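Q: I would like a close look at a single part of this structure, followed by an account of how the rest of the chain is arranged around it.

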Amino acid sequence: MFLRQGRRLVLTEAGALFRRHASAAVQALEAGAAALRPGSSGTLRLGVLPTVATRFLPRVVLRFREIRPEIVLAAETGPHFHLMRLLREGSVDLVVGRLPGASEMAGLSFDHLYEEEVILAARADHPMRARPAPEALAASPVILPPATALIRPVVDSYLAANGLAGLRPALETVSLALGRGICLASDALWFISRGVVVHELDKAEMIELPTGARFLSGAVGMTRRQASAAPGLADFAEIAAEVARQMP
């Protein structure tokens, strides 16, 4: 289970595998004990991707707080690969965001909530706002999602379909603070999930340049371990589904 490195002990690959399963077993036992004590407290640990962090998840969290105030929601943010690792290790109970790739779904389940587009966003007075998107992309700095982001493959497909496969981005990010700041201060165009910049679009600080590509969309939902049991998980899933139904 362990290897000695100087004065330290580190887990072997087998040890890490055992820890992951042992952690999941302990969490299941704790959830079972909590279920026998109605009204008992606990913590529900969420992995949160950027696409749901701006509007959708805050609505779910506030509603959950009304229904289950005794349960603490602990949110972990980060890139998709990081949150999926935490999910498999048992460090989070579910990940809310886009549908993972098929190769990542072994032992996991996905509850679909809604569909969301990837859009091409820019500041409201962008000089290329009236031009076709491929022309604007060829003449402007471009911000792409990182290579590890779930939305990157469809963005790459769009660029390739429009003769822009060799386009070199000025930056790769899905961070709202960074992407928004750069777009508002420059002529940069940003491929990003609509949910990340929904408030900026509502306030007309940013606009969407039409791409005409229907395939720039995908499923958003909740990914969890198939045998997952955590305090308040069923109520959270029900509230999330209800909020998703109310979305335009």
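Which residues does threonine 12 touch, not counting residues up to four places away in sequence?

A: In this model, which is predicted, threonine 12 touches Met1, Phe2 and Leu3, leaving out residues up to four places away in sequence. Threonine 12 itself lies in the loop between strand S2, residues 8-11, and helix H1, residues 13-35. With a relative accessible area of 19%, threonine 12 counts as buried, because the class takes in residues under 20%. By the domain assignment, residues 1-38 form domain 1, while domain 2 is made of 39-115 together with 219-245, and domain 3 covers 116-217.

The setting of this part is a protein of 248 residues, of which 42% count as buried. The protein contains nine helices and 11 strands, and its C-alpha trace spans about 60 × 50 × 30 Å along the principal axes. Among the contacts between residues at least 6 apart in sequence, 76% join residues that are at least 24 apart. The exposed area of the protein is about 12,800 Å², with carbon and sulfur atoms supplying 57% of it. There are 27 positive and 24 negative side chains, and the centres of these two sets lie 6 Å apart.

Helix H4, residues 80-89, has His80, His82, Leu83, Met84, Leu86 and Leu87 as buried residues. The buried residues of H4 pack against strand S3 (42-48), strand S4 (71-77), strand S5 (94-98), S6 and strand S11 (217-225). After H4 comes glycine 90, which has a positive phi, near 90°.

Two further buried residues can be described in the same way. Histidine 126 is placed in the loop between strand S6, residues 108-123, and helix H5, residues 133-139. The relative accessible area of histidine 126 is 0%, so this residue is buried. Beyond residues up to four places away in sequence, histidine 126 touches Ser140, Asp187, Ala188 and Leu189. Leucine 209, by contrast with a loop residue, is found in strand S10, residues 206-209, and leucine 209 counts as buried at 1% relative accessibility. Leaving aside neighbours within four places in sequence, leucine 209 is in contact with Leu120, Ala122, Met128, Arg129, Ala136 and Leu189. Leu189 thus appears among the contacts of histidine 126 and also among those of leucine 209. Between the C-alpha atoms of leucine 209 and tryptophan 190, which are 19 residues apart along the chain, the separation is 9.9 Å.

There remains the boundary between domain 2 and domain 3, whose centres, taken over C-alpha atoms, are separated by 27 Å. Across this boundary, 14 residues of domain 2 are in contact with 15 residues of domain 3. The size of an interface is often given as the accessible area lost when the parts come together. Here domain 2 and domain 3 bury about 1,200 Å² between them, and 55% of that area is on carbon and sulfur atoms. On the side of domain 2, Thr54, Arg55 and Arg98 supply 51% of the area buried against domain 3, which is more than any other three residues supply.

Notes. Residues numbered from 1 in each chain as written. Predicted model: local features only at pLDDT ≥ 70, side-chain atom pairs only at ≥ 80, totals over all residues. Heavy atoms only, no water. Helix = DSSP H or I, 4+ residues; strand = E, 2+ residues; numbered from the N terminus. Buried < 20%, exposed > 50% of the residue type's maximum accessible area, 1.4 Å probe, protein only. Contact = heavy atoms within 4.5 Å. Areas by Shrake-Rupley, 256 points an atom, 1.4 Å probe, with all protein chains shown as cover. Lys, Arg positive; Asp, Glu negative; His and termini not counted. Charge placed at Lys NZ, Arg CZ, Asp CG, Glu CD. Domains from an automatic or database assignment. Buried area = accessible area lost by both parts, 1.4 Å probe.
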